[in-house]
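I opened my notebook for a friendly look through this one. Here is what I looked up.

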2 protein chains.
Amino acid sequence: MNQPIRISVDAMGGDFGPEVTIAGCALILERYPSLRFLLHGDSGAIDGELAKFEALKAVSSVHHTDVVVRMDDKPSQALRHGRRRSSMWLALESVRHGDADFAVSAGNTGALMAMAKFCLKTMANVERPAIAAIWPTVRGESVVLDLGATIGAEAGQLVDFAVMGAAMAKAVLGLENPTVGLLNIGVEEVKGLDEIKTAASLIRDSGLDIDFRGFVEGDDIGKGTVDVVVTEGFSGNIALKTAEGTAKQISSYLRAAMSRSLLTRIGGFLARGAFDELKARLDPRRSNGGVFLGLNGIVMKSHGGTDAEGFAASMDIGLDVVRYSLLEHIARDLEKFRNTRPVAAAVTQE
Amino acid sequence: MNQPIRISVDAMGGDFGPEVTIAGCALILERYPSLRFLLHGDSGAIDGELAKFEALKAVSSVHHTDVVVRMDDKPSQALRHGRRRSSMWLALESVRHGDADFAVSAGNTGALMAMAKFCLKTMANVERPAIAAIWPTVRGESVVLDLGATIGAEAGQLVDFAVMGAAMAKAVLGLENPTVGLLNIGVEEVKGLDEIKTAASLIRDSGLDIDFRGFVEGDDIGKGTVDVVVTEGFSGNIALKTAEGTAKQISSYLRAAMSRSLLTRIGGFLARGAFDELKARLDPRRSNGGVFLGLNGIVMKSHGGTDAEGFAASMDIGLDVVRYSLLEHIARDLEKFRNTRPVAAAVTQE
């Protein structure tokens with residue numbers, strides 16, 4: 001793209017507000033000096049932080065609002081208080097009006113998704129949006145979706161997610177032909193999971209250019225068995241949080257074990273390079289950035305507790321998504337998919 | 001209990017059959033010399049292994065059958081070929097006839113659950129059984145259920161699981177008043193999860209002696225936020241497998257990082273005591289043993305790939321369950337719960 005990419009920032013979102021978000025913008029600008037920023041929020045607080053970053057200040061416009069969506073607002077509260085006037089809403093609106101290429105917020109996920117659906121609306125041919133993220137694996141990185149936007153997706157929605165996830169793997173992981181799997185369980189004879197089985201047939205029959213590998217189980221996510229893991233939002237969110245919990249648990253075991261004796265402490269000191277490497281690989285900032293897919297506009301969700309580095313990392317993913325023209329790719333594939341399932345399409349058009 | 005506990009063993013189950021199962025029985029007998037064993041399977045193979053363990057041979061009866069449920073049999077195949085004559089079925093039947101206090105198998109989970117339901121039937125007041133397991137946490141150990149027996153449980157079934165899980169935490173973890181949480185997600189405003197919300201109200205209003213702590217998320221499992229985590233089998237299985245995958249993934253990162261340079265290798269050597277400790281804490285054999293709850297009889301499921309130590313560990317859990325009279329406790333609590341929900345009870349009695 002020759003046009004500079006414009007990022008619309010909810011400067012007030014997250015646990016630390018402008019202190020982190022503005023510093024994050026300064027970081028990403030160092031990497032990509034042609035960027036432009038629209039900063040939404042309290043202009044006093046934003047200007048105070050901007051004063052530290054001359055280069056950022058020169059390529060930013062500040063859009064003042066007093067209204068902030070709180071981290072503990074329920075989506076309905078956020079919509080009531082914050083629609084059309086909060087920094088979160090205004091960040092989204094800049095995307096809707098075509099003034100920015102994507103929006104980024106470290107604000108609360110439920111509120112952001114509710115506002116994003118309201119402000120940007122779901123794409124044609126998409127029933128419900130999804131939250132996708134980059135998941136570090138033994139093999140490298142995979143895309144996992146949905147992580148909590150939809151609960152109990154139907155077969156057609158799972159196919160939408162497969163299409164969106166594959167496009168994201170191409171955009172962000174740079175894969176030409178990503179492999180895709182549907183998350184399932186292998187314990188009991190499959191029952192009550194008709195939507196997953198149906199989704200598998202739909203993908204196979206779709207004629208879409210998807211390298212579909214069938215069902216995968218929970219342990220396949222960390223193994224990196226497929227590049228894209230597709231599931232509905234409840235089990236996706238459980239998987240994500242359980243993996244986070246397990247990683248913390250093992251780190252805590254390891255810390256306790258290493259401080260057990262003088263010998264283990266000396267060993268730990270000598271091997272500290274290895275522990276730094278482990279820490280870096282498990283660093284949530286590296287993969288910080290859920291992407292809201294299926295909306296008429298790109299929205300990046302950064303962790304609420306992130307620091308400037310993590311906030312910059314989520315913008316970095318957003319840049320990949322914009323450069324790849326992710327939404328156009330998804331729209332084209334979903335159109336193609338819809339044309340291969342006349343019955344479902346007819347139902348949608350009713 | 002003054003009566004010796006009698007264990008009914010599917011000697012042919014698991015990836016290694018009698019080689020592992022018989023050695024496992026010998027191990028647990030060393031710990032509890034008053035045990036008795038009913039060994040089901042190919043008598044030639046069993047006798048060959050028994051010859052190595054004089055003490056075990058003296059307290060075992062061998063019950064011959066040629067029929068074995070294979071590890072890759074679907075539940076329906078297993079029922080067709082193996083009902084009334086496979087080593088798996090006969091192990092369960094000994095429990096039904098009161099000849100043994102619990103059954104243990106390392107055979108395939110789906111087949112074992114299907115046969116167990118058919119042979120032992122679900123308890124009065126229980127609609128569907130659950131698979132529970134001991135999950136190592138930062139705080140110690142928790143009980144998690146269901147891990148894959150039921151998919152998409154309704155509110156009343158989740159309450160059943162809470163009752164069964166609390167009883168198991170008392171029996172196996174030795175807790176007087178275990179805390180209980182319902183697994184949920186916190187991302188989107190709760191919707192489509194009416195059964196979980198309803199289950200929470202039912203537990204609160206039940207008058208049961210349950211220390212209910214409301215909703216927990218995936219990362220709370222590893223933290224050990226509650227002693228008993230209740231969920232339906234699909235997300236439970238996803239959580240279990242995802243945690244296993246994450247643990248393997250981190251071990252693999254750690255191994256790679258430690259072998260990176262001479263210094264890290266020396267450090268790793270000095271700290272090897274710490275790594276052994278970490279390995280021991282993550283050892284799946286320690287918590288090896290899903291328990292099938294909600295049936296008229298206790299069935300222990302050991303991992304298919306387990307060794308003798310792991311097979312013994314699952315019997316050890318079975319012994320705790322029997323000593324505590326787990327089924328009587330569950331039956332009493334479920335009876336009490338049913339009496340506090342006249343509407344649900346009426347529906348059940350129709």
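My entries cover the symmetry first and then some salt bridges.

**Ground rules.** I am working with a predicted model, where local features need pLDDT of at least 70, side-chain atom pairs count only at pLDDT 80 or more, and totals for chains, interfaces and linings use all residues. Residues are numbered from 1 along each chain as its sequence is written, chains are lettered from A and ligands numbered from 1 in the order in which they are written, and side-chain values use heavy atoms, leaving out hydrogens and water.

**Symmetry.** I laid chain B on chain A and got an RMSD of 0.0 Å, with a turn of 180° and a shift of 0.0 Å along the axis (least squares on C-alpha atoms of residues with pLDDT of at least 70 in both copies). That is the relation of a two-fold axis. In chain B, B:Gly267 comes closest to the rotation axis, its C-alpha at 1.8 Å.

**Salt bridges.** I found 26 over all chains, each a side-chain nitrogen of Lys or Arg within 4 Å of a carboxyl oxygen of Asp or Glu. One of them joins A:Lys241 and B:Glu217 at 2.3 Å, N to O. This pair crosses between chains, from helix 10 of chain A to the loop between strand 8 and helix 9 of chain B (helices are DSSP runs of H or I, at least four residues; strands are E, at least two). A:Lys241 counts as buried at 16% relative accessibility, while B:Glu217 is partly exposed at 22% (buried is under 20%, exposed over 50%, partly exposed in between, with a 1.4 Å probe and protein chains only).
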